[in-house]
Amino acid sequence: MIQELFASYRVEITFLHIISAVIWVGGMIVMRYSAHYSFQNIEQADIRLKSALYALKRLFILVSPFIVILLVTAIIMSVGLGFRDAALDKSGQVINSSAMHVYNLIHVKESIWTIMTLNYLAMVLIRNNAQKLLNQHDLAGAKKRATYISSYMVPFNIVLGIIAIFMGVFLRNLY
Ligand code: HEM
């Protein structure tokens, strides 16, 4: 059934996969390397943090449906393109070793998606915590958490996203 779905809507499904990656990874790049520097121009520390935390909240809400669409389309594409069937027989025995290498790349992409999503969920929690501290006028605590998100967690997901995009291009050019 999934194979039929992919055969009928191949262009649309691939498009949804790519646009989801564009919005998720592109959104983080804009936030980190454009909006972030714009917030630094705001002199008042509490307004600066308030604006940055609000922008992060909007980004996290925006990307949430696309994270799910990315996974759903990934599953449809992986089954639809028959990576497992080319690599393994019904009992799970390897029938083609080069197809097995390709199938392993699918697992690597799945792992990247899982790590990116866990990192995203951790950022949501840390941002919420920073907002709570800011509301209680604990500026130092809120700033520490916001800095952690922008210095480490967002760049980490950007790097993983770029690797996943490269792997997608690689997979597409295999056949
Ligand atoms: C959930 C795990 C994932 C799986 C199983 C997966 C699988 C695939 C497959 C099989 C293709 C090739 C489609 C084709 O040839 O028609 C592809 C393409 C692509 N993937 Fe993924 N993907 C996953 C996650 C991601 C993530 C996390 C990103 C980026 C954030 C991403 C970005 C892309 C892009 C941009 C393409 C298109 C490449 C091109 O058209 O040349 N994927 N993916």
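Contacts that reach far along the sequence dominate in this predicted model: of the protein's contacts with a separation of 6 or more, 75% come from residues 24 or more positions apart. Those contacts sit in a protein made with six helices and zero strands, so to speak an α-α-α-α-α-α pattern when read along the sequence.As for overall shape, the C-alpha atoms fill a box of roughly 65 × 30 × 25 Å along the principal axes. The radius of gyration comes out at 20 Å, whereas a compact globule of 175 residues would be near 16 Å. Burial was checked too: 21% of the 175 residues count as buried.

Helix α6 gives a closer look at how the pieces fit together. This helix covers residues 139–172, which makes 34 residues. From its first C-alpha to its last, α6 reaches 48 Å, close to the 50 Å expected at 1.5 Å a residue. The helix isn't perfectly straight, though: α6 has a kink of about 35°, centred on Ile-149.

Ile-149 also turns up among the buried residues of α6. Ahead of it in the numbering come Ala-142, Arg-145 and Ala-146, also buried, and further along the helix Val-154, Asn-157, Gly-161 and Ala-164 join the buried set. What do these buried residues of α6 pack against? Their partners are three other helices, namely α2 (10–39), α3 (45–80) and α5 (97–135).

Technical notes:
Residues are numbered from 1 along each chain as its sequence is written. This is a predicted model: local features need pLDDT of at least 70, side-chain atom pairs count only at pLDDT 80 or more; totals for chains, interfaces and linings use all residues. Helices (H or I, at least four residues) and strands (E, at least two) are DSSP runs, numbered from the N terminus. The expected span of a helix is 1.5 Å times one less than its number of residues. The bend at a residue is the angle between axes fitted to the seven residues ending there and the seven starting there. A residue is buried if 20 or more other C-beta atoms lie within 10 Å of its own, exposed if 12 or fewer, and partly exposed in between; C-beta atoms are placed from the backbone. Two residues are in contact if their C-beta atoms, placed from the backbone, lie within 7 Å. The radius of gyration is taken over C-alpha atoms; the globule rule is 2.2 Å times the number of residues to the power 0.38.
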